[in-house]
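Student: Could you take me through the side-chain contacts in this model, ring pairs to begin with and then charges and cysteines? I would like one connected tour of how these side chains meet.

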Amino acid sequence: MKKKQVFLRIIAAFGILCLLGAAAALAVNGAVKHRAGAFLLTPEQAVQLEGADCILVLGCGVRPDGSPSLMLRDRLDMGLQLYESGAAPKLLMSGDHSRTDYDEVNAMKDYALDRGVPSRDVFQDHAGFSTYESMYRARDIFCANKVIIVSQRYHLYRAVYDARALGLDAWGVAAEDVAYGGQLLRDLREILARNKDFFYCLFQPLPTFLGDPIPVSGDGDLSSG
């Protein structure tokens, strides 16, 4: 009987800890969304901002043939719309180019060049391996101070939160709001990602790679690779 009581108490304690952990995770999630939500703009509002250094478009996958995925294409289309409207003079494409056979950033730049953007206006961050790292490198490698970040809305809260926690004057514009397959799973994973980045922003670890500055005010061709 005593063993059974001990076992039940352990189960109860474990259940309480799980509930407390879930409550804490949801609280952090809510705090991140609340903090960043005030800095999300419509495209029309973003054009009215003054002094933005660049439009930061975040990578999110390419197809096997190297072309942008649907989500990435929607991000690029919004980034190009903002650029063409004069919201900022430069585009910063940040994504994963960790392998020779996987290259988000050149696919992103090619997409912009095909639509007439001068190569010098397109900067490439080849080591934007995570949202946090993209923001860190935007600040320290590309010397940006004021940025307009483009991603889907569910992801934009975390991106803007990270950027502002790192000292950037960051604003977000959501890409076209369409129904993407698997969105429920992405929404659930994003809760965990917001919690992870909350602690990253508290302790601010270095990104995987740093390097010499390539100011976004200069020539984007210097960042080619």
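Tutor: Let's begin with phenylalanine 123 and phenylalanine 142, which are both buried in this predicted model. A search of the whole structure finds seven aromatic pairs, and these two phenylalanines form one of them, an edge-to-face pair with 6.4 Å from centre to centre and 85° between the planes. The pair links distant parts of the chain, since phenylalanine 123 belongs to strand β4 (residues 122–125) while phenylalanine 142 is in the loop between α5 (131–140) and β5 (146–151), 19 residues apart.

Another aromatic pair joins tyrosine 132 and tyrosine 200, again edge-to-face, at 5.2 Å centre to centre and with 85° between the planes. Here too distant parts of the chain are linked: tyrosine 132 is in helix α5 and tyrosine 200 in helix α7 (residues 183–203), 68 residues apart. Which of these two rings is buried, and which is partly exposed? Tyrosine 132 has a relative accessible area of 1%, so it counts as buried. Tyrosine 200, at 34% relative accessibility, counts as partly exposed. Ring pairs also bring in a third tyrosine, giving a cluster of Tyr132, Tyr136 and Tyr200.

Tyr136 leads us on to charges over rings. The charged end of arginine 139 sits over the ring of tyrosine 136, at 4.7 Å from the ring centre. Elsewhere, arginine 164 lies over the face of phenylalanine 39, 3.5 Å from the centre of that ring. Arginine 164 has a charged partner as well: a salt bridge connects it to aspartate 169, with the closest N and O atoms 2.9 Å apart. Aspartate 169 counts as partly exposed because its relative accessibility is 28%.

That brings us to the salt bridges as a group. Side chains of opposite charge can pair when their charged atoms come close. In this model the count comes to ten salt bridges. One of them is between aspartate 121 and lysine 90, whose closest N and O atoms are 3.0 Å apart. It links distant parts of the chain, with aspartate 121 in the loop between α4 (104–114) and β4, and lysine 90 in the loop between α3 (70–84) and β3 (91–94), 31 residues apart. Both aspartate 121 and lysine 90 are buried.

Helix α7, where we met tyrosine 200, also takes part through glutamate 190. Glutamate 190 forms a salt bridge with arginine 158, and their closest N and O atoms are 2.7 Å apart. This pair links helix α7 to helix α6 (residues 153–165), which holds arginine 158, and the two residues are 32 apart in the chain. Both glutamate 190 and arginine 158 are buried. They belong to a network of salt bridges that links Arg158, Glu190, Arg194, Lys196 and Asp197.

Finally, the cysteines. How many disulfides are there? The count is zero. Cysteine 60 is in no disulfide, and the nearest cysteine sulfur, that of cysteine 54, is 18 Å away. At 26% relative accessibility, cysteine 60 is partly exposed. Why is cysteine 201 without a bond to cysteine 54? The sulfur of cysteine 54 is the closest cysteine sulfur to that of cysteine 201, yet it is 18 Å away, so it is too far for a bond. Cysteine 201 is buried, with a relative accessible area of 8%.

Technical notes. Residues are numbered from 1 along each chain as its sequence is written. This is a predicted model: local features need pLDDT of at least 70, side-chain atom pairs count only at pLDDT 80 or more; totals for chains, interfaces and linings use all residues. Side-chain values use heavy atoms; hydrogens and water are left out. Rings of Phe, Tyr and Trp (its six-membered ring) pair if their centres lie within 6.5 Å; planes under 30 degrees apart count as stacked, over 60 as edge-to-face and the rest as tilted. Helices (H or I, at least four residues) and strands (E, at least two) are DSSP runs, numbered from the N terminus. Buried means under 20% relative accessible area, exposed over 50%, partly exposed in between (1.4 Å probe, protein chains only). A charge sits over a ring if NZ of Lys or CZ of Arg is within 6 Å of the ring centre and within 35 degrees of the ring normal. A disulfide is a pair of cysteine sulfur atoms within 2.5 Å. A salt bridge is a side-chain nitrogen of Lys or Arg within 4 Å of a carboxyl oxygen of Asp or Glu.
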